[in-house]
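Please open the structure in your viewer and keep the selection tool at hand. The tour below goes from one stop to the next, saying what to select and what is found there.

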Amino acid sequence: MRLGDYYEGYYRGYYAYLAPGTARGYDGDWRNHIAGEFAAWEMEDIRVRHINAWLASDHFAGVPGAARSAYKTLRQILRSAMGDELYSDEVVDPTTRGIRLPPVDTGYEAPYLRPSEIRALAIGLVGWEYEATVACGLWLGLRRSEQCGLQWGDIDLRTGIVRIRRGLQVIDGEVVATKVKTHRSRRPHMLPRSGRERLAEIKRGLRPRPGDWLLGDDPNPDRYARRLRAWCKRQGLPYVAPKYFRHTFRTLHALAGTDETEVQKMLGHESLGMGYRYMSLDEDVLREDQAAYERLILRA
């Protein structure tokens with residue numbers, strides 16, 4: 001079977017199981033990088049030397065990140081075909097052997113805020129329209145979609161527990177409520193005391209209903225990101241894009257001495273392997289971890 005026939009006839013159907021933004025990224029890799037090279041090929045004719053030549057070609061010149069992303073998608077498509085029993089058992093999977101990915105700049109580090117910068121930002125955002133969303137993003141280390149997907153009913157200000165239930169993304173120009181990225185991303189989290197107290201003040205002023213978005217009546221993730229950048233620039237405040245709030249959270253929890261496995265659980269990751277599945281965080285553990293994170297910032 002040709003790779004293009006498998007993609008259109010089978011693989012695209014599996015996008016129904018993915019978050020819309022993830023599916024859009026995979027489809028972009030297919031259309032922009034893979035289809036032009038391999039769509040007409042019989043899948044079993046695609047060998048290691050062909051993949052390596054494609055990755056080293058001028059098509060990816062200067063964009064090693066695109067090459068790595070495209071290869072990841074190609075690998076998924078081929079392995080999906082194997083799972084669907086549409087790839088001969090007699091042909092060795094080329095993605096398990098000798099693939100040479102282009103090197104990336106290992107000196108790059110995602111930007112993050114220092115404790116003193118978070119404190120300055122929190123003070124500078126008091127009364128701003130999206131203050132509650134930024135506060136939850138920084139205190140909880142949320143993805144941008146998770147920040148924007150919060151509703152007031154997700155937050156129990158008596159206990160500090162926040163339920164991460166959904167995302168909000170802009171897909172093809174439209175704002176779409178989505179599922180969280182993976183089932184492990186659907187998780188409880190904990191606001192520390194100062195974050196809980198400030199959100200309670202905001203809530204008393206707004207008197208929102210449980211189903212109201214923290215972003216307001218007309219939530220738009222792109223508008224939120226643009227206005228945060230503009231506000232910080234005008235006010236001279238420390239700034240990183242909302243997508244880097246997770247990097248800030250992860251970095252500062254390491255400074256606060258939080259257990260690595262507990263940080264991974266709070267972020268909704270599975271990178272610690274099988275042991276992750278058997279670890280749970282109760283409210284007391286969450287509260288202690290977040291209190292240490294809070295102390296780091298308040299002492300700055």
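The stops that follow cover helix packing, salt bridges and one buried residue.

Before selecting anything, note that this is a predicted model, in which local features need pLDDT of at least 70 and side-chain atom pairs count only at pLDDT 80 or more, while totals for chains, interfaces and linings use all residues. Residues are numbered from 1 along each chain as its sequence is written, and side-chain values use heavy atoms, with hydrogens and water left out.

**First stop: H10 and H11**

Select residues 245–256, which form helix H10, together with residues 260–267, which form helix H11; helices here are DSSP runs of H or I with at least four residues, numbered from the N terminus. Two packed helices are described by the angle between their axes and the distance between the axes. For H10 and H11 the angle is about 160° and the axes are 10 Å apart, where axes are lines fitted to C-alpha atoms over the stretch in contact and angles run from 0 to 180 degrees between N-to-C directions. H10 and H11 are therefore roughly antiparallel to each other, a term used for angles over 145 degrees.

Now show the side chains of Arg246, Phe249, Arg250 and His253 on H10, and of Glu260, Val263, Gln264, Met266 and Leu267 on H11, which make the contact (heavy atoms within 4.5 Å).

Within this pair of helices, select Glu260 and Arg250, whose side chains meet in a salt bridge at 2.4 Å, N to O; the term stands for a side-chain nitrogen of Lys or Arg within 4 Å of a carboxyl oxygen of Asp or Glu. The two residues, Glu260 in helix H11 and Arg250 in helix H10, are ten residues apart. Glu260 is partly exposed, with a relative accessible area of 35%, and Arg250 counts as partly exposed at 23%; buried means under 20% relative accessible area, exposed over 50%, and partly exposed in between, with a 1.4 Å probe and protein chains only.

**Second stop: H6 against H10**

Keep H10 selected and add H6, residues 131–140. H6 and H10 pack at an angle of about 40°, with their axes 7 Å apart, and that makes H6 oblique to H10, since this angle is neither under 35 degrees (roughly parallel), nor 65 to 115 (roughly perpendicular), nor over 145. The contact is made by Val134, Gly137, Leu138, Trp139 and Leu140 of H6 with Phe245, Thr248 and Phe249 of H10.

**Third stop: further salt bridges**

How many salt bridges does the structure hold? There are 17. One of them joins Arg227 and Glu129, with the closest N and O atoms 3.2 Å apart. Arg227 lies in helix H9 and Glu129 in the loop between helix H5 and helix H6, so the pair ties together parts that are 98 residues apart in sequence.

Next select Arg193 and Glu197, which form a salt bridge at 3.6 Å, N to O. Both lie in helix H8 (residues 193–206), four residues apart, and are therefore separated by about one helical turn.

**Last stop: Thr73**

Finally, select Thr73 in helix H4, residues 64–83. Is Thr73 buried or exposed? With a relative accessible area of 1%, Thr73 is buried. Leaving aside neighbours within four places in sequence, Thr73 is in contact with Tyr26, Asp29 and Ile34.
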